[in-house]
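This report describes the fold, the aromatic contacts and the enclosed spaces of one protein model. The sequence and structure are shown first.

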Amino acid sequence: MADELIGIINNLGIPTEAFLVIVILAFLAIGAVIVIVASRPVLDIYPYLQPNARVRARKGRLFNEKQLSEIIEADNIEEVTNYLRGFKDYADYVDKYPIEKALDVQLAESYNLISRIAPNSVKDTFSLLAKKVDISNIKSLIAAKEMGLSREETLNFLIPVGNHYETFEQLADVKTVSDVINGLDGTEYATLLEDALPAYNESKMVLPLESALDKYFLESILSKSAVATDNNSRLLHEFIGTQVDVANLKLIIRAKNDNLSFDEAGSFLIKSGYQIREWKMKDLLESDSVSDIVGRLEGTDYHEVLSESLPEYNEKNSLEVLEKALDDLVYQTAKSLSIQNTLGVGPIISYLTKKENETKNLKLILRAKRDVNFSISEIQEMLV
């Protein structure tokens with residue numbers, strides 16, 4: 001066999017030494033491919049090792065059901081505040097700020113942390129998500145000036161976090177909503193608010209300005225997350241896309257409840273959508289009723305959860321029932337993605353979702369404590 005192989009090599013005119021070199025190089029190339037393929041999963045996981053360790057530590061400090069029940073059973077806001085003082089994540093904040101502002105600051109700094117430690121393939125998306133605090137502060141400035149609040153009253157509403165906070169702090173002195181928008185010149189928010197200003201002046205409502213901010217924020221993160229470079233960024237895009245669809249569906253359901261047409265409500269929608277594209281949004285807004293909207297969502301991830309909530313919606317005639325079902329879907333999507341991707345972006349998505357829910361629940365409890373008519377069971381039903 002060896003003699004026959006040598007004869008073939010000689011007939012081809014290839015020196016035996018050269019042939020051996022070719023064979024060795026071929027084996028090395030095959031070995032390199034095998035190493036690259038085998039190591040790819042490790043290379044995908046490695047950037048997430050340290051961020052996920054930090055995230056899991058913070059996730060372990062989120063309130064469990066027993067702790068949340070203890071907070072619900074507090075007699076008043078002062079007891080809730082004292083309870084939060086016993087936990088590392090809240091202690092410094094509740095002593096420095098009014099209680100609800102303390103929750104907002106702590107959540108904003110959680111987002112900032114993730115934007116700093118996230119791996120490069122998803123860092124830009126999480127950096128955009130951290131701009132939620134900018135959107136919240138601008139909305140607070142607009143609302144404060146709409147109500148004619150003083151500088152001190154306005155500052156109480158602002159969250160002292162983010163790259164633009166010094167600008168927002170200076171704008172606490174201005175008198176009108178137009179002054180706020182003019183003062184944002186040079187920021188990424190100026191043009192979109194200037195474009196929405198005529199609608200505000202005509203309607204005398206802040207809705208066009210707030211909707212312009214929400215739309216810009218959601219469109220930005222949807223577009224940024226769509227640039228998927230690996231499985232982690234694709235899963236993150238799915239999570240962001242679900243949030244965009246949910247925001248659109250909430251607006252569509254409210255618009256239909258208020259008998260608004262596509263022409264009237266369409267400017268507030270993120271028309272690129274995710275599962276629900278512009279043509280589908282128009283179709284939904286042309287529905288005869290909220291129940292008809294749910295029916296026309298068949299074939300999407302949103303049909304089942306809304307269908308299950310329709311009887312309660314019809315009984316209570318409350319849009320909050322459907323909105324809560326959509327919020328629960330976002331939570332379940334985050335949970336599912338976390339299970340699918342335990343060594344990648346999944347734990348980060350899960351942590352931020354649970355952190356937001358914890359903040360929402362604490363705020364709901366605080367508001368309920370201001371009204372002595374709310375029972376413990378009623379508070380539990382309101383929680384997300």
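Does N137 count as buried or exposed? With a relative accessibility of 0%, N137 falls under the 20% limit and therefore counts as buried. This asparagine belongs to helix α9, which covers residues 132-146. Leaving aside residues up to four places away in sequence, N137 touches F157, L158, I159, V161, Y165 and F168.

**Overall fold**

The model is predicted. Its secondary structure consists of 22 helices and 0 strands. The protein has 384 residues, and 45% of them count as buried. Among contacts with a separation of 6 or more, 61% join residues that are 24 or more positions apart. About 20300 Å² of the protein is exposed, with carbon and sulfur atoms supplying 53% of that area.

**Aromatic pairs**

The count of aromatic pairs comes to 5. Two of these pairs are set out below.

| Pair | Geometry | Centre to centre | Angle between planes |
|---|---|---|---|
| F63 and Y90 | stacked | 5.8 Å | 15 degrees |
| Y189 and Y216 | edge-to-face | 6.0 Å | 80 degrees |

The pair of F63 and Y90 links distant parts of the chain, 27 residues apart: F63 lies in the loop between α3 (49-59) and α4 (65-72), whereas Y90 sits in helix α6 (residues 88-96). Both F63 and Y90 are buried. These two residues also belong to one aromatic cluster, together with Y83 and F87.

The pair of Y189 and Y216 likewise links distant parts of the chain, at a separation of 27 residues. Y189 is in the loop between α12 (177-183) and α13 (190-203), and Y216 is in helix α14. The two rings differ in their cover: Y189 is buried, because its relative accessible area of 1% is under 20%, while Y216 counts as partly exposed, because its 26% lies between the limits of 20% and 50%.

**Helix α6 and its surroundings**

Y90 is one of the buried residues of α6, alongside D89, A91, Y93 and V94. The buried residues of this helix pack against α3, α5 (77-84), α7 (99-117) and α21.

**The cavity**

Rolling a probe the size of a water molecule over the atoms shows where empty space is left. The structure holds 1 cavity of 30 Å³ or more, and the largest cavity has a volume of about 40 Å³. Which residues line the largest cavity? Its lining is made up of L128, K131, I135, E188, Y189, Y216, F217, S220 and I221, so that both tyrosines of the edge-to-face pair are included in the lining. Helix α14 (residues 207-225) gives the most to this lining, with 4 residues. By class, the lining of the largest cavity has 6 nonpolar, 1 polar and 2 charged residues.

**The second largest pocket**

The second largest pocket has a volume of about 400 Å³. Of the 16 residues that line this pocket, F63, E65, L68, N361 and V384 lie nearest its centre. F63 thus appears both in this lining and in the stacked pair with Y90. At least two lining residues come from each of α4 and α21 (346-369). The lining of the second largest pocket divides into 7 nonpolar, 5 polar and 4 charged residues. Helix α21 is also one of the elements against which the buried residues of α6 pack.

How values were computed
Residues numbered from 1 in each chain as written. Predicted model: local features only at pLDDT ≥ 70, side-chain atom pairs only at ≥ 80, totals over all residues. Heavy atoms only, no water. 1 Å grid on protein atoms, 1.4 Å probe; cavity = no way out; pocket = protein on both sides within 12 Å on 5 of 7 lines; lining within 4 Å. Points joined across faces, edges and corners; volume = space filled by probe spheres on them. Nonpolar A, V, L, I, M, F, W, Y, C, P; charged D, E, K, R; others polar. Phe/Tyr/Trp six-rings, centres within 6.5 Å; stacked < 30°, edge-to-face > 60°. Buried < 20%, exposed > 50% of the residue type's maximum accessible area, 1.4 Å probe, protein only. Contact = heavy atoms within 4.5 Å. Areas by Shrake-Rupley, 256 points an atom, 1.4 Å probe, with all protein chains shown as cover.
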